[in-house]
Amino acid sequence: MKDLKRIEIIDLLQGRATLEIGKEICVKGWVRTKRGNKSIAFIALNDGTIIHNIQVVVDLSKFDEDLIKRITTGACIRANGTLVESMGQGQSVEIQATEIEIYGEADVDTYPLQKKGHTLEFLREIAHLRPRTNTFGAIFRMRHAMAYAIHKYYNDKRFFYWHSPLITASDCEGAGEMFQVTTMDLNNIPKTQDGKIDFSQDFYGKQTALTVSGQLEGELGAMSLGKIYTFGPTFRAENSNTPRHLAEFWMIEPEMAFYDLNDNMDLAEDFIKYCVKYALDNCKDDLEFLQNMYDKELIERLNFVVENDFIRLKYTEAIDILLKADQKFEFPIDWGTDLQSEHERYLVEKHFKKPVILIDYPKEIKAFYMKQNEDGKTVRAMDVLFPKIGEIIGGSQREESLEKLMKRMDEMGVPKEEMSWYLDTRRFGSAPHSGFGLGFERLLLFVTGMSNIRDVIPFPRTPKNADF
Ligand code: 4AD
Ligand code: MG
């Protein structure tokens with residue numbers, strides 16, 4: 001077989017490669033379908049670079065019958081052939097095969113992706129193979145595009161990419177949802193004289209866990225480099241089996257010195273709009289596919305978010321609206337309780353019909369580090385609420401006063417001694433500063449139009465499930 005340089009299918013279909021019709025070229029990929037008759041076969045080949053397939057046309061009289069028989073859905077092949085203009089609809093070019101090699105067969109009886117139209121639930125059970133489908137190809141290409149857009153956004157705005165540790169001793173959100181990290185023998189845990197677990201004998205010499213947020217260490221970056229962002233995995237052992245929660249999810253956490261809550265809201269709104277616009281501008285084929293298959297209003301909704309100002313509103317005002325709502329909620333709402341997803345979606349989808357940024361939440365339902373308002377009851381928190389998603393961003397201005405911060409830590413039982421490194425930001429050269437966290441998978445839910453968070457991450461981690 002002739003050793004030709006491989007051309008990626010996206011370059012063929014988008015005409016980016018300097019192609020001459022009539023030239024012999026090489027493509028490699030996985031067979032999506034093979035159809036045809038006694039004299040001719042049409043192979044739809046996909047290499048992951050784009051949602052569309054290239055059609056490889058095989059004149060059966062020129063090929064060994066057994067070879068063609070072994071080319072089935074899911075098989076991986078290399079094909080040399082002449083590039084010709086296509087007669088068929090929906091494709092500009094196709095390949096008339098001259099030589100074919102099979103890299104790997106896929107057994108017809110056991111390859112699970114034989115026919116189209118599997119349910120998303122079924123595909124979740126074969127998460128190792130689902131990227132081979134159109135749906136998950138589109139989603140994971142978009143996941144990449146969003147990750148790239150995020151780095152580009154912050155780099156262009158002169159933020160520094162900052163790496164917070166994944167293993168830590170501090171519970172940033174104080175919700176007690178941390179996964180412990182230990183090398184101790186669980187069948188023989190060392191104990192102190194008074195019968196407690198002796199963490200001094202553990203790997204780090206103290207109790208540690210996977211981080212729920214990179215914020216606390218991020219603040220140290222902001223208080224020296226000015227503007228930083230983190231972008232990494234975070235872990236929460238919360239037992240919430242919902243379509244919006246993962247036990248392992250990725251978060252983007254910008255943190256900025258000299259930003260107050262208004263600056264923080266401006267950044268959050270601009271940032272999300274940039275990401276959504278990036279998807280509209282760069283993921284057209286994948287978006288159109290997902291719109292056709294799953295969500296007829298997807299592109300319209302994305303455009304709507306880019307074009308409209310977000311509503312900005314105090315928590316107290318939101319509670320008034322919810323108390324007057326012409327709808328029964330499953331969870332009762334009152335001043336002082338945290339909003340459930342149904343309340344958030346009522347505000348966004350029914351009342352304002354726009355994304356909403358809620359600020360000034362009661363201090364009791366928010367973390368210790370948030371800046372305290374003069375009223376003694378609320379803090380400079382902000383949550384960005386989105387259609388279909390509910391909370392997509394959580395953030396705040398941070399308490400910069402050492403005294404107030406320490407008092408709040410005492411009230412909430414946050415250990416000050418172990419957090420002394422964090423308090424040093426307030427001891428030495430403290431400054432007003434703010435930040436927020438965007439849940440990467442929640443952003444992906446929004447831009448892909450999918451409705452279950454398990455479908456926007458390659459290998460989801462949820463309670464009772466850590467397969468693959
Ligand atoms: O509101 P959260 O808990 O805020 C923080 O962690 C702050 N330390 C962020 C900061 O100010 N730097 O989480 C932030 C966002 C949420 O708005 C949501 O989008 C996402 O992270 N998130 C989750 N996404 C998927 N699965 C979960 N279990 C999530 N928990 C939070
Ligand atoms: Mg939150």
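**View 1. Strand β5 zips up with β4 and also pairs with β3.**
Ten bridges hold strand β4 (residues 76–85) and β5 together, and the two run antiparallel. To find one spot along this pairing, look for Gly81, whose bridge partner in β5 is Ala97. Now turn to strand β3 (residues 54–59), which pairs with strand β5 (residues 93–104) in the parallel sense, over three bridges. Here you can pick out Val56, whose partner in β5 is Ile95. So that you know what you're looking at: this is a predicted model.

**View 2. The whole chain, for orientation.**
Before the next close-ups, here's the full picture: the chain has 13 helices and 16 strands. Its C-alpha atoms fill a box of roughly 85 × 55 × 45 Å, taken along the principal axes. How much of the chain is buried? Buried residues make up 50% of the 468 residues. On the outside, the chain exposes about 23100 Å², and carbon and sulfur atoms supply 50% of that area. If you take the contacts between residues at least 6 apart in sequence, 66% of them join residues at least 24 apart.

**View 3. Strand β13 pairs with β12 and with β14.**
Are the residues of strand β13 (residues 356–362) buried or exposed? Seven of the seven are buried, so this strand is largely enclosed by the rest of the structure. One of its pairings is with strand β12 (residues 311–314): four bridges join them, and they run parallel. Ile311 is a handy marker here, standing opposite Val356 in β13. The pairing with strand β14 (residues 378–386) is antiparallel instead, over six bridges. There, Leu358 has Asp383 in β14 as its bridge partner.

**View 4. Three strands make an open sheet in the order β7-β9-β8.**
The pairing in this little group of strands is antiparallel. Why do β7 (167–168) and β8 (180–181) each have one side without a neighbour in the sheet? Both stand at the edges with a single partner strand each, so one side of each is left without a neighbour. Follow β7 across to strand β9 (residues 208–210) and you'll see them pair over two bridges in the antiparallel sense. A good pair of residues to look for is Ile167 and its bridge partner in β9, Leu210.

**View 5. Ligand 1 sits among 25 residues.**
Which residues come nearest to ligand 1? Of the 25 around it, those are Glu173, Gln215, Arg236, Glu253 and Glu391. Sort the residues of this shell by type and you get nine nonpolar, eight polar and eight charged. Strands β11 (248–257), β15 (390–397) and β16 (433–439) each supply at least two residues of the shell. β15 gives the most, with five residues.

**View 6. Polar atoms of ligand 1 alongside Gln215, Phe436 and Gly439.**
Gln215 meets the ligand with its side chain: one of the N or O atoms there is 2.7 Å from a nitrogen atom of ligand 1. With Phe436, look at the backbone, where a polar atom is 3.4 Å from a nitrogen atom of ligand 1. The backbone is also the place to look in Gly439, where an N or O atom lies 3.2 Å from an oxygen atom of ligand 1. How much of the ligand does the protein bury? Taken alone, ligand 1 exposes 620 Å², and the protein buries 93% of that.

Notes: Residues are numbered from 1 along each chain as its sequence is written. Chains are lettered from A and ligands numbered from 1 in the order in which they are written. This is a predicted model: local features need pLDDT of at least 70, side-chain atom pairs count only at pLDDT 80 or more; totals for chains, interfaces and linings use all residues. Side-chain values use heavy atoms; hydrogens and water are left out. A residue is near a molecule or strand if one of its heavy atoms lies within 4 Å of it. A polar contact is a pair of N or O atoms within 3.5 Å; within protein, one must be able to donate a hydrogen and the other to accept it, and residues adjacent in sequence count only if both atoms are side-chain atoms. Accessible areas come from the Shrake-Rupley method with a 1.4 Å probe; for residues, only the protein chains shown count as cover. Ala, Val, Leu, Ile, Met, Phe, Trp, Tyr, Cys and Pro count as nonpolar, Asp, Glu, Lys and Arg as charged, and the others, Gly among them, as polar. Buried means under 20% relative accessible area, exposed over 50%, partly exposed in between (1.4 Å probe, protein chains only). Two strands pair if DSSP finds at least two bridges between them. Contact means heavy atoms within 4.5 Å.
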